[in-house]
Amino acid sequence: MTNQNLHDDLIVFDGLIISNWDESVFQAMRAGGLTAANCTCSVWENFRDTMLAIGQWNRMFADHADLITKATTVEDIRRAKRDGKTGIVLGFQNTSAFEDRVEFVEIFKQQGVGIVQMTYNTQNFVGSGCYEGTDSGLSDFGHDIVAEMNRVGMLCDLSHVGPKTSEEVIRASKKPVAYSHCLPSGLKAHPRNKSDDQLRFIADHEGFVGVTMFPPFLKRGNDASVDDYVEAIDYIVNLVGEDCVGFGTDFTMGYSEGFFEYLNRDKGIGRQLTEIWKVDFPDGLESIADFPNLTAAMERAGWSEAKIRKIMGENWLGLLDRVW
């Protein structure tokens, strides 16, 4: 198979996109051959504001039905592939939308939310984020939330979660959990990156690692290329094997600095958590439309077709099938 033919044939699943959703993003998804993605619709928002965001998504599903479709099952994702559309898995990067109510978990599952990160960078009712001064671990309420997410079939995401809280979620969950978008601290030390031990621990508990390309966490930062991204994926594959790894780009297309400021403050308005980074996505992967370049880079790195198929999407679908 030629590179383009192989890419066209792949299931391509992105474990995290948080872009400024509009038709231009959906066109880029189609141009890049993106089968489906975990698309963020809540970060710091409460129940009501998250419901409003899902209402906006429902309008977009109606207005752009030629390009996107809501995906709540793995079969929905495979159908999207057959129909030449991109499946949208609604996801949260925080449990703030659950507020202090366990019953909100099922309500959001009924709206199509399939992936929820336990905490975004800081402390919430469930546990601690990776920028919280004290990682207090998974709260008793957090145990109830994990159990309810297991029951309704919602993936627990640990990408921005503190190490102790992450370990306790991994132990508490009856279903596999994931780092949907992370990088190894073995290549660059950073509070958002995961140590070799953390990566092995989640894999040993039948969990999953989605590898991100967010430049500040890559070894070469803003000088990184798509080949550096493939190197980072391979680093994790060499640690945990090729059956529990995928990718999650963290694409932030179409946003201005104000949005990054919002993400980077505790609860959206509080203390600044990190420097506000200037983000240049890796050369060759500047847009969601560029996913064929990722497949090509994997081929350049000498990956087998079977390995490419797994990492580009089939592993993600296997995980979601087990959780959902």
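Two strands count as paired if DSSP finds at least two bridges between them. In this predicted model, strand 1 and strand 2 are joined by three bridges and run parallel.

**Strands 1 and 2**

Across this pairing, Phe-13 stands opposite Ala-36 in strand 2. Strand 1 covers residues 13-17, and five of the five are buried, so the strand is largely enclosed by the rest of the structure.

Strand 2 spans residues 36-42 and includes Thr-40. The relative accessible area of Thr-40 is 6%, and with buried meaning under 20%, Thr-40 is therefore buried. Leaving out residues up to four places away in sequence, Thr-40 touches Leu-16, Ile-17, Ile-18, Trp-21, Gly-91 and Gln-93.

**A histidine in a loop**

The loop between helix 3 (47-63) and strand 3 (68-70) holds His-64. His-64 has a relative accessible area of 14%, which falls under the 20% limit, so His-64 is buried. Apart from neighbours within four places in sequence, His-64 is in contact with Glu-23 and Phe-26.

**Aromatic pairs**

The model has 19 aromatic pairs, counted with ring centres within 6.5 Å. One of them is Phe-92 with Phe-108: the planes stand at 85°, over the 60 degrees required, so the pair is edge-to-face, and the ring centres are 4.9 Å apart. This pair links distant parts of the chain, with Phe-92 in strand 4 (residues 86-92) and Phe-108 in helix 5 (residues 103-110), 16 residues apart. Phe-92 is buried at a relative accessible area of 1%, and Phe-108 is buried at 0%.

In the pair of Phe-214 and Phe-217, the ring centres lie 5.1 Å apart and the planes are at 55°, so the pair is tilted. Phe-214 and Phe-217 are both buried.

Phe-92 and Phe-108 also belong to one aromatic cluster, together with Phe-47, Phe-98 and Phe-104.

**Helices 9 and 12**

The table sets out the span of each helix.

| Helix | Residues | Number of residues | Expected span | Distance between end C-alpha atoms |
|---|---|---|---|---|
| Helix 9 | 226-240 | 15 residues | 21 Å | 21 Å |
| Helix 12 | 305-323 | 19 residues | 27 Å | 26 Å |

For helix 9, the end-to-end distance agrees with the expected span. The buried residues of helix 9 are Val-226, Asp-228, Tyr-229, Val-230, Ala-232, Ile-233, Asp-234, Ile-236, Val-237 and Val-240. These buried residues pack against helix 8 (196-204), strand 8 (208-211), strand 9 (245-247), helix 11 (291-300) and helix 12. Just after helix 9, Gly-241 takes a positive phi of about 95°.

For helix 12, the distance between the end C-alpha atoms likewise agrees with the expected span. Helix 12 nevertheless has a kink of about 60°, centred on Ile-311. Ile-311 is among the buried residues of helix 12, as are Lys-307, Ile-308, Met-312, Gly-313, Asn-315, Trp-316, Leu-317, Leu-319, Leu-320 and Val-323. An α-helix has 3.6 residues a turn, so residues three or four places apart point the same way.

Lys-307, one of the buried residues of helix 12, lies over the face of Trp-303, at 4.2 Å from the ring centre.

Note on methods:
Residues numbered from 1 in each chain as written. Predicted model: local features only at pLDDT ≥ 70, side-chain atom pairs only at ≥ 80, totals over all residues. Heavy atoms only, no water. Phe/Tyr/Trp six-rings, centres within 6.5 Å; stacked < 30°, edge-to-face > 60°. Helix = DSSP H or I, 4+ residues; strand = E, 2+ residues; numbered from the N terminus. Buried < 20%, exposed > 50% of the residue type's maximum accessible area, 1.4 Å probe, protein only. Lys NZ or Arg CZ within 6 Å of the ring centre and 35° of its normal. Contact = heavy atoms within 4.5 Å. Expected span 1.5 Å × (residues − 1). Bend = angle between axes of the 7 residues up to and from the residue.
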